[in-house]
Amino acid sequence: MASLKVRGLVISAKQHKEQDRLIRILTSDQGVLLACAPGAGKLGSRHALSAQPGTLSDFNLNFSRGFYYLSESELTEPFRGLYEDIERLTCAAHILEIASDLCVSQEISSAVYPYAVCALHALSGSKRKPTLVVSAFEWKMMDLAGYSADLSGCSCGRADADERYAFSMSGCRLYCLRPGCLSSSGDYRVVSRGTVEALRYIQSSENTRLFSFTVNDEILDEMVDLTRRYLCEHLEKKYCKMDLLASSEDFLKI
Ligand SMILES: [Zn+2]
């Protein structure tokens, strides 16, 4: 029986038989591994914590009859801060959903892995705004998935000093707001120069640096709107988990 030692981030878990869990483990160089965590659903199970989505652990896996089974697991990072705040936990669930959808090959899994781990670290700590972490992660994932936007400016070359731009969703690029340029942009969102600069920063930053910036609330609102729409349009999926936060805010206002 072949065995494998690997560190990985659990990106999803579902019940299997009565007390087992089937978990998907995102790794830095083995892609996404599907493994059975025997007894992980039992109270006090030795695998209970490391089979939880959004935790990082070292796993010993045995391969048998076409399937991995957990023999040992040691929790290395529980990201405890996520469980102290419903907003941070919801953001983490959204990030895991995106990672789970994107990681269909070993190549993209290796690229996504460090960003998913850094994003959970940033969310688990209290220094970064959760919505900023999510927006930066979404925009970086679009780069990795091959939907990198061209943020160099309008092709007319006259927009360098403009304070506002049009971002074309279908053209994946910027236009200036002059009628002649705007007429060929298709579906667009108007964004400020500050938002464009934040998006450029994300494109050029790696790992923990990706989340090491701040923007004002107006720019953050524009970023959140643009990166979510861009993500949903290009991955052709409505990501709904973050909507729960908007509806819970309405609920709390009543
Ligand atoms: Zn132009």
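Visitor: How far apart do the C-alpha centres of domain 1 and domain 2 lie?
Guide: Keep in mind that this is a predicted model. The domain assignment gives domain 1 as 2–77, while domain 2 comes in two pieces, 80–148 + 187–253. Take the C-alpha centre of domain 1 and that of domain 2, and the gap is 26 Å.

Visitor: Which strands each supply at least two residues of the side of domain 1 that touches domain 2?
Guide: The contact takes 13 residues from domain 1 and 14 residues from domain 2. On the domain 1 side, by class, you'll find six nonpolar, five polar and two charged residues. The strands that each give at least two residues to that side are β1 and β2.

Visitor: In what order do the strands of the closed barrel run?
Guide: Five strands make up this barrel, and their pairing is mixed. On average, neighbours in this sheet are turned by 50° against each other, if you ignore direction. Follow the strands around and you get β1-β2-β3-β5-β4.

Visitor: Which residue in β3 does leucine 22 stand opposite?
Guide: Strand β2 covers residues 20–27 and strand β3 covers residues 32–37, and the two pair in the antiparallel sense over six bridges. Across from leucine 22, in β3, stands cysteine 36.

Visitor: Which strands does helix α2 touch as it packs on the sheet?
Guide: Helix α2 spans residues 106–124, and its direction makes about 100° with that of β2. As it packs on the sheet, helix α2 touches β1, β2, β3 and β4.

Visitor: Why do β7 and β8 each have one side left without a neighbour in the sheet?
Guide: Here we're in an open sheet of three strands, in the order β7-β6-β8, with antiparallel pairing. In general, strands of a sheet pair through backbone hydrogen bonds. β7 (173–175) and β8 (188–192) stand at the edges, so one side of each goes without a neighbour, because each has a single partner strand.

Visitor: What is the bridge partner of tyrosine 165 in β8?
Guide: Strand β6 covers residues 164–168, and five bridges join it to β8, with the two running antiparallel. Look along β8 for the partner of tyrosine 165, and you land on valine 191.

Visitor: At about what angle to β8 does helix α6 run?
Guide: Let's begin with helix α5 (residues 193–204), which lies across β6, β7 and β8 and runs at about 95° to β8. Helix α6 (residues 217–235) lies across β6 and β8. Its angle to β8 is about 155°.

Key: Residues numbered from 1 in each chain as written. Predicted model: local features only at pLDDT ≥ 70, side-chain atom pairs only at ≥ 80, totals over all residues. Pairing = 2+ DSSP bridges. Helix = DSSP H or I, 4+ residues; strand = E, 2+ residues; numbered from the N terminus. Axes fitted to C-alpha atoms, helices over the stretch in contact; angles between N-to-C directions. Contact = placed C-beta atoms within 7 Å. Domains from an automatic or database assignment. Nonpolar A, V, L, I, M, F, W, Y, C, P; charged D, E, K, R; others polar.
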